[in-house]
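Reader: I have a protein open on my screen and don't know where to start. Can we go through it together?

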Amino acid sequence: VMASLRDHFDTILSVSFNDLQEWIIKEEKLAVIDQVMVTAMNQLGGELNLMANVQWRAHALQFVAGLGRRKAQGLLHLMQKNSNRIESRADLMTYEQLGPIVAKNCIGFLIINDSELPGMANIEFDPLDETRIHVEHYSLAKEMAMLAVGTQHPDAALAELAEKPDHIETLDLDWFNKSGMEQGRGNLMSR
């Protein structure tokens, strides 16, 4: 809701957060508000499909790291061409207008799921698209999940870890890293 007040008219300045705020100049207040909004959005993550389909939520997209107001509007415009939905983070990486650097920077803060929206219930979403794991590291995350659970099926491993996240603690990370270096993948812990 607060994000919708951070508009071109600076409506958010009409909200009283503290009695002493009148002593701060407008530009400093807006800078602090923007920083708080970016921090909150990036700690919580934002459901992209929900923001694309619910107008008052769309304002929050500008506070995703790497976007800003102009790029957020551009992303929403691109999604409008695709029925206001995106089915995976990998799809987001293909939006040429967004650019590979912007997509890479913002993708970890965006949650891709059905957002309980009508018309998306039949879409198969990747469970990792709801995590902070970057799309570039999905194969590594799936490998770790399979080793921790003891199965060769990545979807089953992810499902089990979603229900019992403490199972990941059984994975010996030092062994996993050493094994990866022996297989030529480099030091996995430095990524």
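Author: Start with the contacts, bearing in mind that this is a predicted model. Among contacts in the protein with a separation of 6 or more, 48% are between residues 24 or more positions apart.

Reader: ok, and how many helices and strands does the protein have?

Author: There are ten helices and two strands. Reading from the N terminus, the order is α-α-β-α-α-α-α-α-β-α-α-α.

Reader: What box do the C-alpha atoms fill? And what share of the residues is buried?

Author: Along the principal axes, the box is roughly 60 × 40 × 30 Å. Of the 191 residues, 39% count as buried.

Reader: Let's pick one residue. Where is Asn49, and is Asn49 buried or exposed?

Author: Asn49 sits in helix 3, which covers residues 48–53. Its relative accessibility is 0%, so Asn49 counts as buried.

Reader: What do the polar atoms of the Asn49 side chain lie close to, going by backbone nitrogen and backbone oxygen?

Author: One polar atom of the side chain lies 2.7 Å from the backbone nitrogen of Ile86. On the oxygen side, the backbone oxygen of Asn113 is 2.8 Å from a polar atom of the Asn49 side chain.

Reader: Which other residues does Asn49 touch?

Author: Leaving out residues up to four places away in sequence, Asn49 touches several residues, including Met79, Arg85, Ile112, Leu117 and Phe125.

Reader: Arg85, hm. Which residue forms a salt bridge with Arg85?

Author: Glu87 does, and the closest N and O atoms of that pair are 3.5 Å apart. Glu87 has 33% relative accessibility, so Glu87 counts as partly exposed. Arg85 is at 26% and also counts as partly exposed.

Reader: Why do such side chains pair?

Author: Side chains of opposite charge can pair when their charged atoms come close.

Reader: How many salt bridges are there in the structure?

Author: Three. Another one joins Glu136 and Lys104, with the closest N and O atoms 3.8 Å apart. Glu136 is in the loop between strand 2 and helix 8, while Lys104 is in helix 7, so this pair ties together parts that are 32 residues apart in sequence. Glu136 counts as partly exposed at 44% relative accessibility, and Lys104 is partly exposed with 39%.

Reader: Which residue does Lys142 meet in a salt bridge?

Author: Lys142 meets Asp126, at 3.8 Å from N to O. Lys142 belongs to helix 8 and Asp126 to the loop between strand 2 and helix 8, so the pair links parts that are 16 residues apart in sequence. Lys142 has 23% relative accessibility and therefore counts as partly exposed.

Reader: New topic. At what angle do helix 8 and helix 9 pack?

Author: The angle is about 70°, and the axes are 8 Å apart. That makes helix 8 roughly perpendicular to helix 9.

Reader: Which residues make the contact?

Author: Helix 8 contributes Lys142, Ala145, Met146 and Val149. From helix 9 come Pro154, Ala157, Leu158, Glu160 and Leu161. So Lys142 has two roles here: part of the contact with helix 9, and partner of Asp126 in a salt bridge.

Reader: How many of the contact residues are nonpolar, polar or charged?

Author: Seven are nonpolar, none is polar and two are charged.

Technical notes. Residues numbered from 1 in each chain as written. Predicted model: local features only at pLDDT ≥ 70, side-chain atom pairs only at ≥ 80, totals over all residues. Heavy atoms only, no water. Axes fitted to C-alpha atoms, helices over the stretch in contact; angles between N-to-C directions. Helix = DSSP H or I, 4+ residues; strand = E, 2+ residues; numbered from the N terminus. Parallel < 35°, antiparallel > 145°, perpendicular 65-115°, else oblique. Contact = heavy atoms within 4.5 Å. Nonpolar A, V, L, I, M, F, W, Y, C, P; charged D, E, K, R; others polar. Salt bridge = Lys/Arg side-chain N within 4 Å of Asp/Glu carboxyl O. Buried < 20%, exposed > 50% of the residue type's maximum accessible area, 1.4 Å probe, protein only. Polar contact = N/O pair within 3.5 Å; in protein donor to acceptor, adjacent residues only side chain to side chain.
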